[in-house]
Amino acid sequence: MTIDWKKEAENRREELLEDLKSMLRIKSVRDESKKTDDAPLGPGPKAGLDQFLSIANRDGFKTTNIDGMAGEISFGQGDETLGILAHVDVMPAGKGWNTDPFEPVIKDGKIYARGASDDKGPSMAAYYGLKIIKDLNLPVSKKVAFILGTDEESSWRGMDYYFKNMPEPDFGFSPDAFFPIINGEKGNVTFDAKFNGTNDGNYSLIKFDSGLRENMVPRDAEAWIESKNGNYDEMIKKFDEFVAENPIVGESDIQDGKLYIHVIGKAAHAQEPKRGINAGTYMCLFLNQFDFGAGAKNFISFAAEKLHLDSRLNNFDMAYTDEVMGDLTMNAGIFSFDENNGGSITLNFRYPQGTDPEYIANGLNSTKEQYDAKFVQHEGGMVPHYVPEDDPLVKTLLNVYRDQTGEDAHGQVVGGGTYGRLMKRGVAFGAMFPGVPDTMHQANEFVPVDDLIKAAAIYAQGIYELIK
Ligand code: ZN
Ligand code: ZN
């Protein structure tokens, strides 16, 4: 039997779009200030979950609402279960939209709305993949649990609740990332480097602030400096030279007898710190040529000598590359210093198999005497996750992708967390195609409509090959 998957998806184009629009109109942002017993994450995620389950009910699927935390659409029979892990919650809309983020608009073949590409569009495409198999009455030998999370954008509580209360699928994928496939994710751990807030030198560091989140390269750094003799001419002159020589923007200003310095670099995601320009380490590199003392000196020189331009940890003799998972990386995400709270630099690590938080702690601690520093590991974090490319799950999905797109395709390892890691044999599969701008979490989020239809055809064949 040959099935024209693309034609089957195309035949359902209007229906898929209508169902998707009904999801996009729901402002399914987590809001626990409005939580109730049957809406533990607030009314938005509940409405999103209810709507998706009612679509599946209409189509004749068995559905289960797991205490408002998660939902399951069930299909097929057999001993093994394929899990498909999607989510109905969305990020807050934020500023900068040209249209109402919760009223989908189709323009130039793209559908614009919060959730269009993360994750309502892809989950609807994957759902239609499953629906095609059901509509065609294809014989299957395994079960499918299409699982809807309600808290992916915050702390995964919906999906965690599902995995605590329901049987774990034997293998599966999450349509919440990119094609062709993400079959590995690095581990993730964060440490704070702590310094005391003392000063002793010709210059005093009164305050230092840089960065907002551990998982971002800081774009801005601000410092307030006091000179013993009240003169800042030399520092200002050197700062102008420093700005001219480096890929940063800077300004300085004397305020209340103190020198204020502002450095602007470039933000980037901590998965690849090299894509950013770390304003915090540039600021420290500049300050490190002056006579600071005590805790301030340790804070500045640690950042300048150890962190600056060293996302691969060569300065710590800790560089590590795993053949399949890639490099151990470090991002210095948040810097702060003042007399009362001392100095702190938050370091976020993405680590491949072959390393672990202990390896990182040992490397950091080798510098603690030199800089009179203390390193404190944050709670939580994630271990590395990898499904080999010759696993039947990865092989099958890649073959389907190659088959339908005509493109060469291989596995990919990323530094960030997807639902794929919740299953031992779990991956992320679609739905963003290579070359399409990534607008997830941004204003004017969109997905090309044709891509959704293409994805639905790939999901239909992919699911069928896995459960036939
Ligand atoms: Zn997502
Ligand atoms: Zn997201």
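Good morning. I begin with the metal site. The four donor atoms around the zinc ion (ligand 2) subtend angles of 57 to 143 degrees, so the arrangement is irregular. To count as tetrahedral, four donors would need all their angles to lie between 85 and 135 degrees. Please keep in mind throughout that this is a predicted model.

Which residues supply those donors to the zinc ion (ligand 2)? They are D118 through OD, E153 through OE twice, and H441 through NE2. These atoms lie 2.0 to 2.4 Å from the zinc ion (ligand 2). Water is not among the atoms, so a site may look incomplete.

Along the chain, the donors of the zinc ion (ligand 2) follow the spacing D-x34-E-x287-H. Within that pattern, E153 and H441 link distant parts of the chain, being 288 residues apart. E153 sits in the loop between β6 (143-149) and α5 (157-165), while H441 sits in the loop between β25 (431-432) and β26 (446-448).

Are these two residues buried or exposed? E153 has a relative accessible area of 16%, so it is buried, as the term applies under 20%. H441, with a relative accessible area of 41%, is partly exposed.

D118 deserves separate mention. This residue bridges the zinc ion (ligand 2) and the zinc ion (ligand 1). The two ions lie 3.4 Å apart.

I turn now to the chain as a whole. The protein chain contains 12 helices and 26 strands. An automatic or database assignment divides the chain into domain 1, covering 5-185 + 384-467, and domain 2, covering 188-377. Domain 1 is thus written as two segments. How many residues does each domain give to the contact between them? Domain 1 gives nine residues and domain 2 gives seven residues. The C-alpha centres of domain 1 and domain 2 lie 39 Å apart.

On overall dimensions, the C-alpha atoms fill a box of roughly 85 × 45 × 45 Å, taken along the principal axes. A compact globule of 468 residues would have a radius of gyration near 23 Å, and the protein chain has 25 Å, which agrees.

Finally, packing and surface. Of the 468 residues in the protein chain, 56% are buried. Among contacts between residues at least 6 apart in sequence, 76% join residues at least 24 apart. The accessible surface of the protein chain comes to about 19,800 Å², and carbon and sulfur atoms account for 46% of that surface.

Thank you for your attention.

Key
Residues numbered from 1 in each chain as written. Chains lettered and ligands numbered in written order. Predicted model: local features only at pLDDT ≥ 70, side-chain atom pairs only at ≥ 80, totals over all residues. Heavy atoms only, no water. Donors = N, O, S within 2.8 Å, 3.2 Å for Na, K, Ca; no water. Tetrahedral: all angles 85-135°; square planar, octahedral: opposite > 155°, others 65-115°. Helix = DSSP H or I, 4+ residues; strand = E, 2+ residues; numbered from the N terminus. Buried < 20%, exposed > 50% of the residue type's maximum accessible area, 1.4 Å probe, protein only. Rg over C-alpha atoms; globule rule 2.2 N^0.38 Å. Contact = heavy atoms within 4.5 Å. Areas by Shrake-Rupley, 256 points an atom, 1.4 Å probe, with all protein chains shown as cover.
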